[in-house]
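Thanks for coming. I will go through one structure today, a few regions at a time, and you can follow along on the screen.

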Amino acid sequence: MDIYFHLFALEQKRPGPSREQWRWVAFIVLSGLLWSTVSAQIRYSIPEEVEKGTAVGNIAKDLGLEKSTLKERGCRVVEGSTESFFHVNQNDGLLYVDRVIDKEKVCERNSVCLINLKTVLENPLEIHYVTVEVLDVNDHFPTFNTKESRLEISESVLPGLRLQLPAAHDSDVGQFSVQEYKLSPNDHFRLEVKDRGKDGKIPILVLLKTLDRETKKSHKLLLTAIDGGKPSKSGTAEIIVDVLDVNDNMPVFNEDTYSVLLEENAPIDTTIIQVNASDLDEGSNGEVIYSLGKNVNSRIRELFRVDPITGEIIVRGLIDFESEESYEIDIQASDKGSAPLRTDKSVLVNIVDLNDNIPRIEITSFSRAIPEDARLGTTVALISVHDKDSGLNGKVICSFDKDVPFTLSPSTHDNMYSIVTKSLLDREKQSKYDVTIVAKDAGVPSLSSERSISIIVSDVNDNNPKFSASPYTFYVTENNSPGATVFSVEASDLDEGDNSRILYNILRNGKENNNNHAFNLNINSENGHITALKSFDFETVKTFQFQVVATDSGTPSLSSNVTVNVFILDQNDNAPVILYPVSSNGSAEGVEEIPRNVNAAHLVTKVRAYDADIGYNGWLLFSLQEVTEHSLFALDRYTGQIRTLRSFTETDEAEQKLVILVKDNGNVSLSATATVIVKVVEPKEAFAASDVKSATNDDEESNVTFYLMITLASVSALFLISIIVLIAMQCSKSTDYTSKYLQETNYDGTLCHSIQYRSGEKRYMLVGPRMSIGSTIVPGSHANTLVLPDRRRTSTEVRALTRTEETLELNMRAE
């Protein structure tokens with residue numbers, strides 16, 4: 001149900017209307033209330049000239065708004081004009097008068113004075129329409145332009161003469177304007193009143209009987225103008241009628257009515273129409289001249305003039321349809337008699353509207369920034385469009401000059417539009433839209449105008465950090481300096497501000513980090529640089545894996561994690577260790593006895609050594625550093641076997657000393673020495689010593705056989721468990737990367753490492769001195785890593801070969 005609110009808020013001490021007038025106003029209020037059932041907006045009424053600060057109505061209550069939300073929603077009044085008459089108190093929700101309103105100034109001569117307001121609420125954006133009607137108060141008196149007017153009437157004029165008298169003007173309109181005229185009592189004249197509609201009522205003086213100049217030369221009449229107020233107000237003017245002699249014919253116009261169409265913006269000096277009047281008198285009494293009527297207002301005099309000789313009405317000012325749609329011009333035809341006779345005629349000039357005003361776009365309310373996750377239909381701005389033209393010339397259609405993710409939604413109120421989102425926004429694709437609104441009217445030719453606004457798309461934390469690689473693989477050389485940066489990770493975020501500021505941390509409590517190696521690392525939360533808290537030892541750990549989490553600073557924050565695989569690269573930091581010969585006191589020295597009658601290529605002994613490093617760093621080479629007789633012995637460079645080069649002679653010394661140098665192949669090689677004393681004995685002594693050694697060896701071999709069996713069973717069980725674990729890991733792996741280390745001893749005279757592992761579809765092997773045919777060196781692995789052909793039996797073959805060689809060596813020693 002629509003509601004009208006009428007309020008009369010005048011102070012009791014202030015002079016104002018009487019009780020009868022208030023009853024009349026109450027009648028208007030009741031009528032408004034009855035009419036409220038069909039209104040489409042809130043409407044208040046106040047009398048004009050109420051004091052500043054007078055309450056008009058409770059907008060918060062009438063709109064169903066909570067007073068507590070008015071301030072935070074920015075409730076305010078937006079008026080159509082540049083002047084502000086009202087404001088909303090955000091504390092109590094009442095609409096107050098800002099300054100005294102003079103209806104006659106605000107609405108000029110309009111009978112109904114309406115001030116249209118727009119009440120805007122933000123957060124969220126709403127607009128409501130309020131109309132305040134300013135009621136007229138009878139606060140002006142009727143006044144005449146002159147206190148005294150003179151008329152000249154010939155004595156020969158017959159009764160019935162009608163003369164237009166000066167009209168009174170009252171600034172009030174409607175019922176409070178001039179409603180009637182009264183003439184002082186006399187025998188010769190009576191008064192008639194002509195209703196001119198919007199121009200008010202015009203007094204007409206009618207001659208009742210012929211005047212006799214000899215009886216009375218002039219007549220003084222008192223003309224009184226009375227308005228419709230209760231009590232009424234009045235004004236007077238004195239009319240002096242001078243009686244003239246002879247000229248007894250007045251000019252007569254040829255047409256009863258004159259009407260013409262005139263386009264607005266007509267050029268100056270354009271002739272609109274020509275009026276013509278004739279006078280039956282002769283001479284100067286019959287010569288007619290034309291002029292504008294006495295009651296023509298100043299505005300018409302600024303726009304039009306009349307040629308006194310031809311009677312042409314000519315344009316002299318700018319004609320604007322938007323200012324006035326029609327003009328009624330009073331033309332007076334007068335003869336040149338000694339007592340001129342005058343005749344008045346009205347000419348109606350209707351102005352034709354032209355499309356001469358471009359549409360005007362106003363931004364009523366505007367939210368410059370809109371979040372990128374705004375829902376479809378979110379209001380960005382409210383705009384209003386005005387065109388002073390009428391009809392199709394004032395019909396405006398708004399559109400955008402290009403395709404943007406916004407649309408113009410027309411409001412229920414004429415010429416109001418809201419800019420709303422029509423598709424989803426993404427700041428990462430476009431963060432700013434320069435929108436141009438084009439307003440085009442329907443005139444021919446049409447006129448248009450443009451208004452540009454910039455809409456900023458604000459960021460929402462809708463992008464996870466993204467690492468530059470996934471997974472990361474780093475190679476770190478062992479014996480690194482503690483506290484130094486070993487590698488770094490980097491992530492980026494498409495968002496901006498805090499939403500793109502990334503912090504890094506190492507995930508230490510996940511199932512991927514059950515080992516303790518991640519606890520030996522520290523990450524710089526700002527730049528992702530990772531430092532090692534202690535040195536890595538390749539011989540202790542060869543590879544490990546952990547996860548890094550990148551979290552942005554948005555609310556709520558988003559994060560991503562990445563797997564980091566670290567491979568430790570070997571350095572030559574272990575010197576060879578002599579395993580045989582080793583004396584009882586722990587020194588690398590041993591004694592070997594051989595018969596004098598041995599042949600060439602006899603195996604004297606075999607020096608065994610071990611290097612904890614792998615690859616070239618653990619590849620050992622043997623050389624004779626010192627020997628008693630160079631022609632007697634030869635040392636295999638790779639196996640460490642010492643063999644005779646020839647048979648012993650009687651001149652050869654019975655004791656030979658060999659100093660063997662064992663050296664690895666590192667860039668800076670490390671070495672160790674072993675001393676072997678070879679005693680040459682006669683065959684009988686050798687056989688006796690051999691029997692003693694055989695007895696001792698039998699006991700030792702029985703113990704060795706027992707331990708060997710236990711070791712073989714343990715290795716077999718461990719191998720089966722490793723195969724099962726490997727299969728389980730291959731079936732359950734979550735990434736393409738898997739790592740399996742199988743350490744085996746490829747023993748062929750030296751103790752070297754042979755470590756195999758798999759990554760994706762490739763198998764890798766860190767090798768000692770011997771390399772398999774078809775292997776290739778992986779770049780960046782310090783020549784330690786070989787890529788093996790995908791042969792599942794390689795490890796088994798290597799183990800079988802190793803066991804075969806060692807069996808052969810034991811047999812040779814037994815001989």
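**Strands, a core and some side chains**

Let me start with one pair of residues: A55 stands opposite Y96 in β6. Before I go on, please keep in mind that this is a predicted model. The strand β6 covers residues 94-97, and three bridges join β3 to β6, with the two running antiparallel. Together with β5 they make an open sheet of three strands, in the order β3-β6-β5, with antiparallel pairing. Which strands stand at the edges? They are β3 (55-58) and β5 (86-88); each has a single partner strand, so one side of each is left without a neighbour in the sheet. On average, neighbouring strands of this sheet are turned by 20 degrees against each other, direction ignored. As general background, strands of a sheet pair through backbone hydrogen bonds, either parallel or antiparallel.

There is another open sheet to look at. Three strands form it, in the order β35-β39-β38, and the pairing is antiparallel. Here the edge strands are β35 (485-488) and β38 (521-523), each pairing on one side only. From one strand to the next, the twist averages 30 degrees. Three bridges join β35 to β39 (residues 529-532), and these two run antiparallel. If you want one pair to find on the screen, S488 stands opposite H529 in β39.

Next, strand β13, residues 201-207. Why can we call β13 largely enclosed by the rest of the structure? Six of its seven residues are buried, so that description follows. Buried here means under 20% relative accessible area. Strand β12 (residues 189-195) pairs with β13 over seven bridges in the antiparallel sense. The two form a hairpin with five residues between them, and G197 in the turn has a positive phi of about 65 degrees. Strand β10 (residues 162-164) is also joined to β13, by three bridges, again antiparallel. Now look at L205 in β13: L163 stands opposite L205, and L205 is also the bridge partner of L191.

A single residue on another strand comes next. K220 lies in strand β14, residues 218-227. Is K220 buried or exposed? At 59% relative accessibility, K220 counts as exposed, because the cut-off for exposed is over 50%. K220 and E238 are 18 residues apart along the chain, and their C-alpha atoms are separated by 6.9 Å. Beyond its neighbours within four places in sequence, K220 is in contact with E238, I239 and I240.

Now the interior. In soluble globular proteins, nonpolar side chains tend to be buried together. In this model, the largest nonpolar core has 28 residues, and those with the most contacts inside it are F304 and I331. Several elements each supply at least two residues of this core, including α4 (298-303), β21 (304-306) and β23 (326-335). The strand that gives the most to this core is β23, with four residues. I331 has a list of contacts beyond four places in sequence, among them F253, Y290, L292, V306, I313 and V347.

That brings me to the aromatic rings. The count comes to 13 aromatic pairs. One of them is F304 with Y327, an edge-to-face pair at 5.4 Å centre to centre, with 70 degrees between the planes. F304 lies in strand β21 and Y327 in strand β23, so the pair ties together parts that are 23 residues apart in sequence. Both F304 and Y327 are buried. A further pair, Y616 and W619, is tilted: 5.5 Å centre to centre and 35 degrees between the planes. Y616 is partly exposed, with a relative accessible area of 25%, whereas W619 counts as buried at 18%. There is also one aromatic cluster, formed by F467, Y472, F474, F487, F536, F544 and F546.

Last, a polar residue. Where is N572 found? N572 is in the loop between β41 (559-569) and β42 (577-580). With a relative accessible area of 17%, N572 is buried. What does the side chain of N572 reach? It reaches the backbone oxygen of V668 at 2.8 Å. A polar contact of 3.2 Å also joins the side chains of N572 and D664. Not counting residues up to four places away in sequence, N572 touches D613, N617, D664, G666, V668, S669 and L670.

That is the end of the tour.

How values were computed:
Residues numbered from 1 in each chain as written. Predicted model: local features only at pLDDT ≥ 70, side-chain atom pairs only at ≥ 80, totals over all residues. Heavy atoms only, no water. Buried < 20%, exposed > 50% of the residue type's maximum accessible area, 1.4 Å probe, protein only. Polar contact = N/O pair within 3.5 Å; in protein donor to acceptor, adjacent residues only side chain to side chain. Contact = heavy atoms within 4.5 Å. Pairing = 2+ DSSP bridges. Axes fitted to C-alpha atoms, helices over the stretch in contact; angles between N-to-C directions. Core = buried A, V, L, I, M, F, W, Y, C linked by side-chain atoms within 4.5 Å. Phe/Tyr/Trp six-rings, centres within 6.5 Å; stacked < 30°, edge-to-face > 60°.
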